[in-house]
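Here are some short exercises to work through at your own pace. Have a look at the structure first, then try each task before reading its solution.

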Amino acid sequence: MARCIFHIDLDAFFASVEQVLNPKLKGKPVIVGGDPERRGVVASASYEARPFGIHAGMPSSKARRLCPQAIFIRAHFSLYKDTSAKFMKILGDFSPHIEPLGFDEAYLDVTGCIEPYGSPQKLALAIKERIHKELKITASVGIATCKVVAKIASDLCKPDGLLEIAPGKEQASLNPLPVAKLPGVGKKTEQALKDMGITTIGELANLPLDTIKRHFEAPGEAKSISQELTFTRDTLDHDFLEANLHNLCQEVCQELRSQKKSAKCVAIKLRYADFKTITRQVTLQEASDVTQAVFTTAQQLLRKTLVKQEKPIRLIGIRISSLVGEEKQLPMFDSGTEKPGHLDKAIDKIRSKYGPTAIKTGNGISSEGS
Ligand code: DCP
Ligand code: CA
């Protein structure tokens, strides 16, 4: 028998709790979050505020511009925690198989609990009524044979909704939806998919798995590569620092190339003799796997920092991040006599054959004291 999974999500959670506490706020645009004067952001907006385009994560100052009559309230977390505990307890009365996802949402496996109610919808209605009676706030319930589809369903029917995606109807229901409806697909993934010409869940489902794997990092795979070096003696020798930075760049870029990736962010780390540690980061115009490009950027960061701070340094480090998959890079250099990318590949080959000390380009010198 197919499983029956509910995803239950309270509507405009923080804002709803505030409206229960202060009935004057009922029916009005209420925004819980940070101060619009102090660069705060919206945590929760009541459904009366949503038609103005207000949503969680938006700067509160923007929310106030969009809806000047909105009532702004600071968050009262202890209240929400209380309500959350009561909410979870109610769900637990309907099925012992509960998986809370956050303060205000949970999956409930009700596979064996439906019979006394007659149908999944009737059970869902009973849960919604109980929540409304005890907490005075509305919830939306998605019903499906698996968690992901149940969560998509509850999102589609908000607020105060109930939607079942019946067994066998999953594809037909989901295929036309925008990819952003998939839990876990945020702005970045949405854009990356759009760049590939994929906008709907159906189009995504039709992509060969290999193509998806090539474009998206599996969870747990490295998101950055870093190397650092502690000197045997603290140093302020600029040339020595740069030479070591170059070595470190060579190492991380070699690793980067072996993963067939390019990096968009370059950061240096400096630890001073007093153990104060700083990092400085920049974003490259184009992702690159070329040692010289990464080094030039890191060198600029180092020079800028050294100008500002004349303190002996005990550790230097490099970190490259925002790694992108095997994409065609734009040419970093016009076709000159020497192509840094080609040089890198030749060096990688020799180094992997004979070990890291076999060859280094110009700047590299040993890391022994200054
Ligand atoms: N939250 C937050 N900051 C965010 C998103 C959410 O503090 N960027 C908090 C406030 C929300 C609560 O978590 O009330 C639940 O998040 P939801 O995404 O479920 O948002 P709401 O419950 O407010 O609205 P919805 O009706 O869309 O579920
Ligand atoms: Ca919610």
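## Exercise 1: The shell around ligand 1

Task: in this predicted model, sort the residues of the shell around ligand 1 by class.

Solution. Counting by class gives seven nonpolar, one polar and five charged residues. Together, 13 residues surround the ligand, and the closest are Ala12, Phe13, Ser44, Tyr47 and Arg50. Now place the shell on the fold: β1 (5–10), α1 (13–21) and β3 (42–45) each contribute at least two residues to it.

## Exercise 2: Polar contacts of ligand 1

Task: find which side chains place a polar atom within 3.5 Å of an oxygen atom of ligand 1, and give three distances.

Solution. Begin with tyrosine 47, whose polar side-chain atom is 2.7 Å from a ligand oxygen. Next comes serine 44, with a side-chain N or O atom at 2.8 Å. Then add aspartate 9, where the separation is 3.3 Å. As for cover, ligand 1 has 540 Å² of accessible area on its own, and the protein covers 66% of that.

## Exercise 3: The calcium site

Task: name the protein donors of the calcium ion (ligand 2) and work out the arrangement around the ion.

Solution. First, list the protein donors: Asp9 (OD), Leu10 (O) and Asp104 (OD), at 2.1 to 2.3 Å from the ion. Second, check the angles: the six donor atoms subtend 74 to 175°, so the arrangement is octahedral. Third, read the spacing in sequence, which is D-L-x93-D. Aspartate 9 sits in strand β1 and aspartate 104 in the loop between β5 (98–100) and β6 (105–109), so the pair ties together parts 95 residues apart in sequence. Finally, check exposure: aspartate 9 and aspartate 104 are both buried.

Conventions:
Residues numbered from 1 in each chain as written. Chains lettered and ligands numbered in written order. Predicted model: local features only at pLDDT ≥ 70, side-chain atom pairs only at ≥ 80, totals over all residues. Heavy atoms only, no water. Near = heavy atom within 4 Å. Polar contact = N/O pair within 3.5 Å; in protein donor to acceptor, adjacent residues only side chain to side chain. Areas by Shrake-Rupley, 256 points an atom, 1.4 Å probe, with all protein chains shown as cover. Helix = DSSP H or I, 4+ residues; strand = E, 2+ residues; numbered from the N terminus. Nonpolar A, V, L, I, M, F, W, Y, C, P; charged D, E, K, R; others polar. Donors = N, O, S within 2.8 Å, 3.2 Å for Na, K, Ca; no water. Tetrahedral: all angles 85-135°; square planar, octahedral: opposite > 155°, others 65-115°. Buried < 20%, exposed > 50% of the residue type's maximum accessible area, 1.4 Å probe, protein only.
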